[in-house]
Amino acid sequence: MKSAVAFKNTNKIKTPLKNILPTVNLPALLSVAVLLLISVSPSVQRRSKNMANVEFSQSLEVFGVKLFTEVAKANAKKNVVFSPFSIQTCIAMARMGAAGDTAIEMDKGMGLTVQNEESLANNYHNILTQYENSNILKIANKIYVMKNYEVKEKFNELLTKKFFSTVDSIDFGQNVQAAKTINTWVESKTNNLIKDLVSPNVLDDDTRLVLVNAIHFKGEWAHPFPEYGTKEKDFYLDETNSVKVSMMHISERFRYGEFPELDAKALEMPYKNSDLSMLIILPNSRTGLVDLEEKLKSVSLHDLTSKMSSYKVNVDMPKFKAEFEMELSDVLKSLGMARMFSSAADFSNMLKSPEGLQVSKVIHKAFIEVNEKGTEAAAATAILISRLKSSMGRIHPKNFIANHGFYYYLKNKEEIKLFMGSYKIPKATVAI
């Protein structure tokens, strides 16, 4: 999955801004202290840090649910996969250069409770540091700035030190070459799974910055599905119509839960040598995906997973591959972040140049493949900024038969959703 945010001078909106998460293995998530105060005891620091981690993961969850709801509206009959973490990271990088009402609106739209840029940057620094040396999860950020323009010192410091982003000068007026440079970087950070994130026609002389975030995950199941267990079985599109799919099978101990209030059941399958897992929520009804989506809006996944226990589970799950691409400007406007796309945008903390800037596009691409061995997923987001134009297991095993539409999340132990999506149409490729 790829995401990019581009900024342009507020006179004209056409600058790409990309933040890309590179491929990195995911080790156990660690809490990282960004600031030590000698007047604060270590125990107080730990409590404060843990509270910050919880609040941040909750904000990501709320943002992800809202984002999924809006995206799903435009893709009711399609498979959806995206990285809420990639998208929010890219927007957060842009937030480092925002001021006034624009900054307030961005914080509110992302569901953030931080009081300033440094606090927000520290939240991301904690996560990025935790996975900096991971072998299965890689995250990368990048800033491209129009040649002959300079970014302000604080903006540069926050992005380079906290987001581990590098800054490169580029001539967006040479749009074909500029797009090639950006896309090549994205491909290199996503194992060549995300290609052509930025089209040359979205770049021009008015583009000032492109912020990019890329993320790549490739993990093996802690309990791989035996290949001999994969059989052609029915996957139901509705109550009666079905298609044949390659259905994997395994009987193993997993965390499992049944939730009558959701009319659904959930299964969590861990990945080897990491704190990452895939959480699958399966409606009991073959046509229950839409109702489940509505119910999940008011459910904390943290609360849901806390009610799950270890059982012996018979699992049937389809092998699948999905791609998704979308320009997110309208979605983000609907989530309350319209100002950053308008002539009223205030990104005065980005460039030393006094000209106005506004976001012109937010581009996101994602990919996921699930098979017997594990999962590979990638995403990238680019933001273009342009010059302003005007428990114990039971004796009897549980059954988890995913032979109809379901939701899935690729998450860490702190419930941060790196990827999320719905699978309802076998062998579907989604593009907008």
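This report covers the fold, confidence, pocket, cavity and selected residues of a predicted model.

## Overall make-up

The protein has 432 residues, and 56% of them count as buried. Its secondary structure consists of nine helices and 16 strands. About 17600 Å² of the protein is exposed. Carbon and sulfur atoms supply 49% of that area.

## Confidence

The mean pLDDT of the protein is 82. A value of 70 or more is reached by 84% of the residues.

Residues 9-49 stay under 50 in pLDDT. The model still gives this stretch 226 contacts beyond four places in sequence. Residues 428-432 are also below 50. For that stretch the model has 18 contacts beyond near neighbours in sequence.

Helix α1 spans 42-73, while the low-confidence stretch runs over residues 9-49. Both ranges deserve a look side by side when α1 comes up below.

## The second largest pocket

The second largest pocket holds about 370 Å³ of space. Its lining counts 20 residues. Nearest the centre lie Ala76, Lys77, Leu289, Val290 and Lys424.

Which elements supply at least two residues each to this lining? They are α1, β6 (231-236) and α7 (289-296). Helix α7 gives the largest share, with four residues. By class, the lining divides into nine nonpolar, seven charged and four polar residues.

## The largest cavity

The largest cavity encloses about 80 Å³. Its lining is made of Val65, Phe68, Thr69, Glu293, Leu296, Lys297, Tyr407, Tyr409 and Met420. Two or more of these residues come from each of α1, α7 and β15 (406-411). The largest share, three residues, belongs to α1.

Six lining residues are nonpolar, two are charged and one is polar. Helices α1 and α7 thus appear in both linings: they serve the second largest pocket and the largest cavity.

## Thr69, a residue of the cavity wall

Thr69 sits in helix α1 and lines the largest cavity. Is Thr69 buried or exposed? Thr69 counts as buried because its relative accessibility is 10%, and the cut-off for buried is under 20%.

Beyond its neighbours within four places in sequence, Thr69 is in contact with Glu293 and Lys297. Glu293 and Lys297 also line the largest cavity.

## Two non-glycine residues with positive phi

Phe164 is not a glycine, yet its phi is positive, at about 55 degrees. Phe164 lies in the loop between α5 (153-162) and β4 (166-170). Its relative accessible area is 34%, so Phe164 counts as partly exposed.

Asp263 also has a positive phi, about 50 degrees, without being a glycine. The loop that holds Asp263 joins β7 (242-259) and β8 (264-270). With a relative accessible area of 37%, Asp263 is partly exposed. The partly exposed class runs between the 20% and 50% cut-offs.

## Pairs that are distant in sequence

Asp101 is found in helix α3, which covers residues 100-109. Asp101 counts as partly exposed because its relative accessibility is 47%, which falls under the 50% cut-off for exposed. What separates the C-alpha atoms of Asp101 and Asp346 in space? The separation is 7.6 Å, although the two residues are 245 residues apart along the chain.

Ala222 lies in the loop between β5 (207-220) and β6. Ala222 is partly exposed, at 32% relative accessible area. Along the sequence, Ala222 and Pro270 are 48 residues apart. In space, their C-alpha atoms are 5.7 Å apart.

Which residues does Ala222 touch, not counting those up to four places away in sequence? They are Pro270, Tyr271 and Lys272. Pro270 falls within the range of β8 (264-270). Strand β6, at one end of the loop that holds Ala222, also supplies residues to the lining of the second largest pocket.

Conventions
Residues are numbered from 1 along each chain as its sequence is written. This is a predicted model: local features need pLDDT of at least 70, side-chain atom pairs count only at pLDDT 80 or more; totals for chains, interfaces and linings use all residues. Side-chain values use heavy atoms; hydrogens and water are left out. Buried means under 20% relative accessible area, exposed over 50%, partly exposed in between (1.4 Å probe, protein chains only). Accessible areas come from the Shrake-Rupley method with a 1.4 Å probe; for residues, only the protein chains shown count as cover. On a 1 Å grid over the protein atoms alone, a cavity is a set of points where a 1.4 Å probe fits but cannot get out, and a pocket is an open set with protein on both sides within 12 Å along at least five of seven lines; lining residues have an atom within 4 Å of a point. Grid points are joined across faces, edges and corners, and a volume is the space filled by probe spheres set on the points. Ala, Val, Leu, Ile, Met, Phe, Trp, Tyr, Cys and Pro count as nonpolar, Asp, Glu, Lys and Arg as charged, and the others, Gly among them, as polar. pLDDT is the predictor's confidence in each residue, from 0 to 100. Contact means heavy atoms within 4.5 Å.
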